[in-house]
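I opened the notebook to look at one helix and its surroundings, and then at the chain as a whole.

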Amino acid sequence: MKGLSRAIEKFCQKHRRFGISRLMIYVVFVSAIVFLFGNDLIHRLHFSPVMILRGEVWRLVTWIFIPLNNQIFFFAITLYFYYFIGSTLEREWGAAKFTIFYLFGVLLHIIYGFVMWFITGLSIQIIPVYLNLSMFFAFAVLFPDHVVRLFFFIPIKIKWLALLNAVFFLYSIVSELIIGRPFIAILPVVALLNFIIICGEEALAYLRPLKARASPQTIDFQKAAKRIKREQSNQSYRHKCAVCGKTDTDYPDLEFRYCSRCNGYHCFCSEHIVNHIHFQ
């Protein structure tokens, strides 16, 4: 998993133009249209291996847009959260990484649906809710203390929403097992695979005890900063991004930081402090 995650990071660094810019806007917009048309359209969008093999190939992706709630108020709130979380992840990661994150989740669902159909002959009803909720876990890793207003007036930190999200996933798994639908019970696990592959390393780093997080290179940051200052005393700049090469001389309003997870002491601009390949 770690190797695949780093391979994705390297691919995104080399192919910055890859991906679908503002992907969640399209997902939310099409979902709203499907909601307005109702059941007359929805029954033609469900994932069905049989119908796909008969030529209705659009069913490979249209299940993403099927609404699970008929109440317009709750549906609107759901779409707003999907847009907010998705667009923030894209802004932090870049369009390439977020597109891979989301479409990889879609692909895993499709593969699972076909595998179960070949094994059991049953067409599993794939739903997008677990796929979309997996974004909450990624957001919570990046911004655990970010506060949102639930139902527009209840302040709550994202990390607690992610915990509730985890409880919902566990409840879904257990309830499906109890009623005898083990193949449906695996769907939440499938939805988490893209999060584990792409964000697993960051999640483990966050979950480590505070004592374990304090690595020697973090403790020596003050000494390192002094050493770097001495080394750069003869240069025309103090900070230079290790990714794009921007300096504080050329961009005086740009913020620069040092990454504590890289081996050595490497400076990055605010654009790349989160979205960069760690030096190992």
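I looked up which residues of H2 are buried (under 20% relative accessible area with a 1.4 Å probe, protein chains only; exposed is over 50%, partly exposed in between), and found Leu23, Met24, Val27, Val28, Ser31, Val34 and Phe35. They cover an arc of only 125° around the axis (taken from the directions from the helix axis to the C-beta atoms), which puts them on the same side of H2. On the other side of H2, I noted Phe29, Leu36 and Phe37 as exposed.

The model is predicted, with pLDDT of at least 70 needed for local features and 80 or more for side-chain atom pairs, while totals for chains, interfaces and linings use all residues. Residues are numbered from 1 along each chain as its sequence is written, and side-chain values use heavy atoms, without hydrogens and water.

I then asked what the buried residues of H2 pack against, and listed helix H3 (39-42), helix H6 (72-93), helix H7 (95-120) and helix H8 (129-142).

For the length of H2 (residues 23-37), I took 1.5 Å times one less than its number of residues; the 15 residues should therefore span 21 Å, and the end C-alpha atoms are 22 Å apart, which agrees. Just after H2, Gly38 takes a positive phi of about 75°.

Turning to the whole chain, I recorded 14 helices and four strands, both being DSSP runs numbered from the N terminus (helices H or I, at least four residues; strands E, at least two). Buried residues make up 41% of the 280 residues.

Key:
Contact = heavy atoms within 4.5 Å.
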